[in-house]
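Work through the exercises below with the sequence and the structure open. Each one sets a task and then solves it in steps.

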Amino acid sequence: MPTMQKQAFEAISDAASKALAGKPPFERAPYSPEAGEEAPHEAYSYWRSTMRIFLRNKTAVAFLAIMAALLVFTFVQPLIPGQKSPTEIFNDERGIQIRNAPPSREFWLGTNSIGQDLWSRIWAGTRTSLLIAFAVAIIDSALGIAMGVVWGYIRAVEGMFTELYNIFDNIPQTLMLILISYVLRPSVSTIILALSITSWLTTARFIRNQIVIIRDRDYNLASRCLGSPPLKIIARNIMPFLISVITMRAAIAIPNAISNEVFVSYIGLGLPLAIPSLGNLITSGIDKMLEPSLRYQLIFPAAVLCLITVSFYIVGNALADASDPKNHTI
């Protein structure tokens, strides 16, 4: 057997020598800078990967479409021909207010207790509540992120910020709303101020905790040793890891602000009745719950409120999961 293996090896060697006769054993590959830059797979893109993961969530995509359609219609509704004024009181031929009229061709969702068109008031109230919610969410995110970053990264001010947090966090938000409503005239700006004074505390605490977790990792220590300024470390090393957290907090802040506006209106400290809002409409509709024929005055605005809050919550959580780099695959 060894002799046969030796003879086979010699035959293969002779055949290879004859095949390579007159040819070099290796040929130099041509140099090409373009070929050297080519990747063996698709180049990674953070936002493209985020959108790909988000679009896989069919439920979130469906609620995003509903939310977009609702927002667009809310702000386009006054431009549609034939729309009634949300503050006008309608009278019949005898000059009597058309009170608590059921849904009809003239009044699509009926009228309220003083003869105002409920359809127009619902969309006007939705615009007001969304304006308050977006303003509160922007202030909440801006203050919460700024305070949380300073609180979590700069150790010299950590004690001071902790004491400030304890002071503000122990003041009941309801008491703050009551005091501000008594001191200032009830208006949209007053509600925004009242809801924004303490709403940023939760975001700041959450951001601070996340930064404390990652601020002393090896790459951040190496950046500090190399002389990188704190702002550069925060912007390039820390904030990219918090995109999903910030997205989730911003998305949840909008329905929370709407819910708080409804609560403030329910306890009698919200906007005046002349300014329609979801809070005023739901508060007025609660009084009609005992009359089955008038329950539509609560059902319709409550349905819009539920649709907005659920849509923002589901879309926000889906975006937070999709923007988390740990969920990305090439």
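**Exercise 1. Find what I258 touches, and place I258 in the packing of the chain.**

Solution. The model is a predicted one.

Step 1. Setting aside residues up to four places away in sequence, I258 touches S129, L130, A133, L278, L305 and I308.

Step 2. Next, the core. I258 is among the residues with the most contacts inside the largest nonpolar core, together with I132, L195 and I308. That core has 45 residues.

Step 3. Which helices each supply at least two residues of this core? They are α3, α4, α5, α7, α8, α11, α12 and α13.

Step 4. Another core, of twelve residues, lies apart from the largest one. Among its residues are V149, Y153, I211 and M239. As background, nonpolar side chains in soluble globular proteins tend to be buried together.

**Exercise 2. Describe the overall make-up of the chain.**

Solution.

Step 1. Count the elements: the chain has 13 helices and zero strands.

Step 2. Take burial over the whole chain. Of its 330 residues, 38% count as buried.

Step 3. Consider contacts between residues at least 6 apart in sequence. Of these, 68% join residues at least 24 apart.

**Exercise 3. Check the length of α4 and work out which way the helix faces.**

Solution.

Step 1. Helix α4 runs over residues 58-76, which makes 19 residues. The expected span is 1.5 Å times one less than the number of residues, so α4 should span 27 Å. The C-alpha atoms at its ends are 27 Å apart, in agreement with that value.

Step 2. List the buried residues of α4: A60, F63, M67, L70 and T74. Viewed down the helix axis they fall within an arc of 90 degrees, so they line one face of α4.

Step 3. Look at the face turned away from the buried side. The exposed residues K58 and V72 are carried there.

Step 4. Identify the packing partners. The buried residues of α4 pack against α3 (46-56), α5 (118-153) and α13 (296-322).

**Exercise 4. Repeat the analysis for α7, then follow the chain to I191.**

Solution.

Step 1. In α7 the buried residues are M176, L177, I180 and S181. They fall within an arc of 130 degrees around the helix axis, so they too line one face.

Step 2. Y182 and V183 are exposed on the other side of α7.

Step 3. The buried residues of α7 pack against α8 and α11.

Step 4. I191 is found in α8. Is I191 buried or exposed? Its relative accessible area is 6%, and the cut-off for buried is under 20%, so I191 is buried.

Step 5. The C-alpha atoms of I191 and L177 are separated by 8.2 Å, and the two residues are 14 residues apart along the chain.

Step 6. Neighbours within four places in sequence left aside, I191 is in contact with I132, E261, V264, L269, G270 and L271.

**Exercise 5. Characterise two residues in the loop between α4 and α5.**

Solution.

Step 1. Q83 is found in this loop. At 22% relative accessibility, Q83 counts as partly exposed.

Step 2. Leaving aside neighbours within four places in sequence, Q83 is in contact with Q77, W108 and W119. Its side chain makes a polar contact of 2.6 Å with the side chain of Q77, and another of 2.8 Å with the side chain of W119.

Step 3. Q83 and S120 are 37 residues apart along the chain, and their C-alpha atoms are separated by 7.1 Å.

Step 4. N100 lies in the loop between α4 and α5 and is partly exposed, with a relative accessible area of 26%. Its phi is near 50 degrees, a positive value in a residue other than glycine. Most residues other than glycine have a negative phi.

**Exercise 6. Account for the cysteines C225 and C306, and for the partner of C306.**

Solution.

Step 1. How many disulfides does the structure hold? The number is zero.

Step 2. C225 is exposed, with a relative accessible area of 70%, whereas C306 is partly exposed at 46%.

Step 3. The backbone oxygen of C306 lies 3.1 Å from a polar atom of the T309 side chain.

Step 4. T309 is found in α13 and is buried, with a relative accessible area of 17%. Not counting residues up to four places away in sequence, T309 touches P255 and S259.

Notes:
Residues are numbered from 1 along each chain as its sequence is written. This is a predicted model: local features need pLDDT of at least 70, side-chain atom pairs count only at pLDDT 80 or more; totals for chains, interfaces and linings use all residues. Side-chain values use heavy atoms; hydrogens and water are left out. Helices (H or I, at least four residues) and strands (E, at least two) are DSSP runs, numbered from the N terminus. Buried means under 20% relative accessible area, exposed over 50%, partly exposed in between (1.4 Å probe, protein chains only). The arc is that of the directions from the helix axis to the C-beta atoms. Contact means heavy atoms within 4.5 Å. A nonpolar core is a set of buried Ala, Val, Leu, Ile, Met, Phe, Trp, Tyr and Cys residues joined through side-chain atoms within 4.5 Å. A disulfide is a pair of cysteine sulfur atoms within 2.5 Å. A polar contact is a pair of N or O atoms within 3.5 Å; within protein, one must be able to donate a hydrogen and the other to accept it, and residues adjacent in sequence count only if both atoms are side-chain atoms.
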